[in-house]
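User: I have a new structure to look at and don't know my way around yet. Can you walk me through it?
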Protein chains: 2
Amino acid sequence: MGITKTQGFSEETTSMAELLKALGHPARLSIMMYLANSPQCINSDLVDELPLAQSTVSRHLSELKRVGLIKGTIAGNNISYCVNEDMWDKVKDFFTGTSNLLSPKKCC
Amino acid sequence: MGITKTQGFSEETTSMAELLKALGHPARLSIMMYLANSPQCINSDLVDELPLAQSTVSRHLSELKRVGLIKGTIAGNNISYCVNEDMWDKVKDFFTGTSNLLSPKKCC
DNA sequence: TCGTTATATCGTAATATTGCGATATGGGAA
DNA sequence: TTCCCATATCGCAATATTACGATATAACGA
């Protein structure tokens, strides 16, 4: 199949899974780290940073844009990408939120 | 292709991406949430909780076990699964760690 | 205008993922 | 032993993902 069932899962679960899936690739995770740590809003000299062809980098960027983790604006001849902090916070909150706290049990 | 390039990425990035990828599926994320919030260490009545066949649930469980996010021990006739807190903390720390802090810029 | 640069998209090929039914396996219960 | 129960695994089919080169597109500079 290869198709992921979404029926029967909550909308929140599905959308969070989509965000995590987008982050679950070395190239895309690297892009996020690079954008998060760069002093200014960096365009795609990411191509130089990553061991991938330009077209592949572009694909990963558009995937990150599709799920809303990054934003891009045209700045002259190149495009300035940056992290969409709202969406990033959404992911962070998922892991720091109290509803996901583990009870301190060591059972296995 | 379908194959993910790992050459050229740091080991840390690759392993974190693997963890996030494992979480990036509604069923596997649901399993983690369920285990994290369950009062006791729950075995696979997950099959009743999820809209998936038993064999599919088992596959997702073994994937989570493969990356180390959960642990399972045999308890009589059934298996008791629970969250591997060390690995879960590793993911949490990634999002809460200072090295990933975004500078407060709104550029796009 | 022409060439260069930066990006995106297309087409293709290889591989991975997902899901299910069917089938093992292994332990307890009758 | 024989029959269930809970799990795991296999085999398959359908779909998704990944990567690359080639090709568009669009804007700037000479």
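Analyst: This is a predicted model. A good place to begin is DNA strand D, which 28 residues surround. The closest are Met1(A), His60(A), Met1(B), Gly2(B) and Tyr81(B).

User: What share of the strand D atoms within 4 Å of the protein is sugar and phosphate?
Analyst: Sugar and phosphate make up 49% of those atoms of DNA strand D.

User: OK, which residue has a polar side-chain atom by a phosphate oxygen of strand D?
Analyst: Arg28(A) has one, 3.1 Å from a phosphate oxygen of DNA strand D.

User: And what lies by the base oxygens of strand D?
Analyst: Met1(B) places a backbone N or O atom 2.4 Å from a base oxygen. Arg59(B) has a side-chain N or O atom 3.4 Å from a base oxygen of DNA strand D.

User: Which helices and strands supply at least two residues each to that surface?
Analyst: In chain A, helix H4 (54-66) does; in chain B, helix H4 (54-67) and strand S2 (78-83) do. H4(B) gives the most, with five residues.

User: How do the residues near strand D divide into nonpolar, polar and charged?
Analyst: There are seven nonpolar, 15 polar and six charged residues on that surface.

User: Switching topic: how many disulfides over all chains?
Analyst: The count is zero.

User: What about Cys82, buried or exposed in chains A and B?
Analyst: Cys82(A) has a relative accessible area of 5%, so Cys82(A) is buried. Cys82(B) also counts as buried, because its relative accessibility is 5%, and the cut-off for buried is under 20%.

Definitions and conventions. Residues numbered from 1 in each chain as written. Chains lettered and ligands numbered in written order. Predicted model: local features only at pLDDT ≥ 70, side-chain atom pairs only at ≥ 80, totals over all residues. Heavy atoms only, no water. Near = heavy atom within 4 Å. Polar contact = N/O pair within 3.5 Å; in protein donor to acceptor, adjacent residues only side chain to side chain. Helix = DSSP H or I, 4+ residues; strand = E, 2+ residues; numbered from the N terminus. Nonpolar A, V, L, I, M, F, W, Y, C, P; charged D, E, K, R; others polar. Disulfide = S-S within 2.5 Å. Buried < 20%, exposed > 50% of the residue type's maximum accessible area, 1.4 Å probe, protein only.
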